[in-house]
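Trainee: Hey, got a minute to walk me through a structure? I'd like to get a feel for what's in it.
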Amino acid sequence: MKNQLKAVWQFFFGDSARAFGSVSLILLVLLAISPAKNHFSQWRHYQKQYLHLIRGRADAVTLERHFQGGIQQIWIPEQRVTDRCTTCHLGLKEASLADVSAVAFRKHPVVPHSLTEFGCTTCHRGQGAATTLKRRTTAPTVEQPLLPAKYIEAGCGQCHLEKPTATPFLNQGRDLISSNGCTHCHTIKRGDGTYISPTMILHR
C-alpha cells in the first residue's frame, strides 16, 4: 500500500512540471465546483418550478413580467432583518395565485403590512439569509427555528400588545394566561421587552 501511494505521488508530483500540471488541474476542479453548486442549487430548482407553473396559466405574460430571477433579498438594517425568502416564495404578491396549492408559490394572505416593511423572519422566524430549506429551518446554526403554521400568530404578538381581531389563537392564549394566573409561577416576556406581572389584567 505504501509503495502504491509513493508511485501515485511520483506520477503526479515527481518533478516540477508534473507538480505544476497536477496543481493546475486541482485548481480547475475547485473553480468548477462553485458554479456547478450554484447551477444545481435548491433555489434555482424552485424558480424553474415556478416558471413551469405560471407558463400554463392565462395570465402567464403578466406573471413572467413580474418574475425576477436570481437571489432576491429584503434588507431592513434598522430591524436587523436580512431575508432571502422571496428567492423561492415567488408568488407572494400575485393576487391571481391565491388558488395555487404549493405553499412556495401561493399568494401571501392579506396582512396589514407590506412584505418589505418588516420582512419575513420578523413574523415567521427562521434563518432569513439561507437559500435552502434545510439551512432555514433545521441547521444547528438557526437561532430562531421557522415557526410552524399553527403557531404563526405568535409572531404578531411580539409587536401587537393589544388584542388584534385577526389573531383569535393569540387572543385565546393571552386570555388563558390571564384567567389561569400563569404569571404567578412563569416569567413571560412581552413584545416590548417588559414582563407580564401577576397583577396585570390582559385585555379581554
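Trainee: So how much area does the chain expose, and how much of it do carbon and sulfur atoms supply?
Mentor: The chain exposes about 14400 Å², and 61% of that is supplied by carbon and sulfur atoms. Keep in mind that this is a predicted model.
Trainee: Okay. What share of the residues count as buried?
Mentor: The chain has 204 residues, and 25% of them count as buried.
Trainee: And how many helices and strands are there in the chain?
Mentor: Nine helices and two strands. Going along the sequence, the pattern reads α-α-α-α-β-β-α-α-α-α-α.
Trainee: Let's do aromatics. How many aromatic pairs does the structure hold?
Mentor: Three. Take Y46 and F105: their ring centres are 6.4 Å apart and their planes sit at 70°. Planes over 60 degrees apart count as edge-to-face, so that's what this pair is.
Trainee: Where do Y46 and F105 sit in the chain?
Mentor: Y46 is in helix α3, residues 42-54, while F105 is in the loop between β2 (81-83) and α5 (115-118). They're 59 residues apart, so this pair links distant parts of the chain.
Trainee: Is F105 buried or exposed?
Mentor: Buried: F105 has a relative accessible area of 5%.
Trainee: What about Y50 and F67, how are their rings arranged?
Mentor: Those two are stacked, with 6.1 Å from centre to centre and 25° between the planes. Y50 belongs to helix α3, and F67 is in the loop between α4 (60-66) and β1 (74-76), 17 residues apart. Y50 is buried at 1% relative accessible area, whereas F67 is partly exposed at 21%.
Trainee: Why does F67 count as partly exposed and not buried?
Mentor: Buried means under 20% relative accessible area, and F67 comes out as partly exposed because its value is 21%.
Trainee: Got it. Which residues form the aromatic cluster?
Mentor: Y46, Y50, F67 and F105 form one cluster.
Trainee: New topic: which residues make up the largest nonpolar core?
Mentor: There are nine: Y50, L51, I54, L63, L90, L97, V100, A104 and F105. Helix α3 gives the most to this core, with three residues.
Trainee: Pick L97. What is L97 in contact with, leaving aside neighbours within four places in sequence?
Mentor: L97 is in contact with Y50, R57, L63, G91, F105, R106 and K107.
Trainee: And which residues does the second core include?
Mentor: That one is separate and has five residues, including I74, I76, C85 and C120.
Trainee: What about the outside, which residues make the nonpolar surface patch?
Mentor: L25, I26, V29, L30 and I33 make a patch of about 460 Å². I33 lies in helix α2, residues 16-39, and counts as partly exposed at 41% relative accessibility.
Trainee: Last thing, backbone angles. What's notable about the phi of R80?
Mentor: Most residues other than glycine have a negative phi. R80 isn't a glycine, yet its phi is positive, about 55°. R80 is in the loop between β1 and β2 and counts as exposed, at 79% relative accessibility.
Trainee: And what's the phi of R125?
Mentor: Near 60°, again a positive value in a residue other than glycine. R125 lies in the loop between α6 (121-124) and α7 (133-137), and at 23% relative accessibility R125 counts as partly exposed.
Trainee: Thanks, that helps a lot!

Terms used
Residues are numbered from 1 along each chain as its sequence is written. This is a predicted model: local features need pLDDT of at least 70, side-chain atom pairs count only at pLDDT 80 or more; totals for chains, interfaces and linings use all residues. Side-chain values use heavy atoms; hydrogens and water are left out. Rings of Phe, Tyr and Trp (its six-membered ring) pair if their centres lie within 6.5 Å; planes under 30 degrees apart count as stacked, over 60 as edge-to-face and the rest as tilted. Helices (H or I, at least four residues) and strands (E, at least two) are DSSP runs, numbered from the N terminus. Buried means under 20% relative accessible area, exposed over 50%, partly exposed in between (1.4 Å probe, protein chains only). A nonpolar core is a set of buried Ala, Val, Leu, Ile, Met, Phe, Trp, Tyr and Cys residues joined through side-chain atoms within 4.5 Å. Contact means heavy atoms within 4.5 Å. Patches are made of residues with over 30% relative accessible area and no salt bridge: like charges are joined within 9 Å, nonpolar side chains (Val, Leu, Ile, Met, Phe, Trp, Tyr) within 5 Å. Accessible areas come from the Shrake-Rupley method with a 1.4 Å probe; for residues, only the protein chains shown count as cover. A salt bridge is a side-chain nitrogen of Lys or Arg within 4 Å of a carboxyl oxygen of Asp or Glu.
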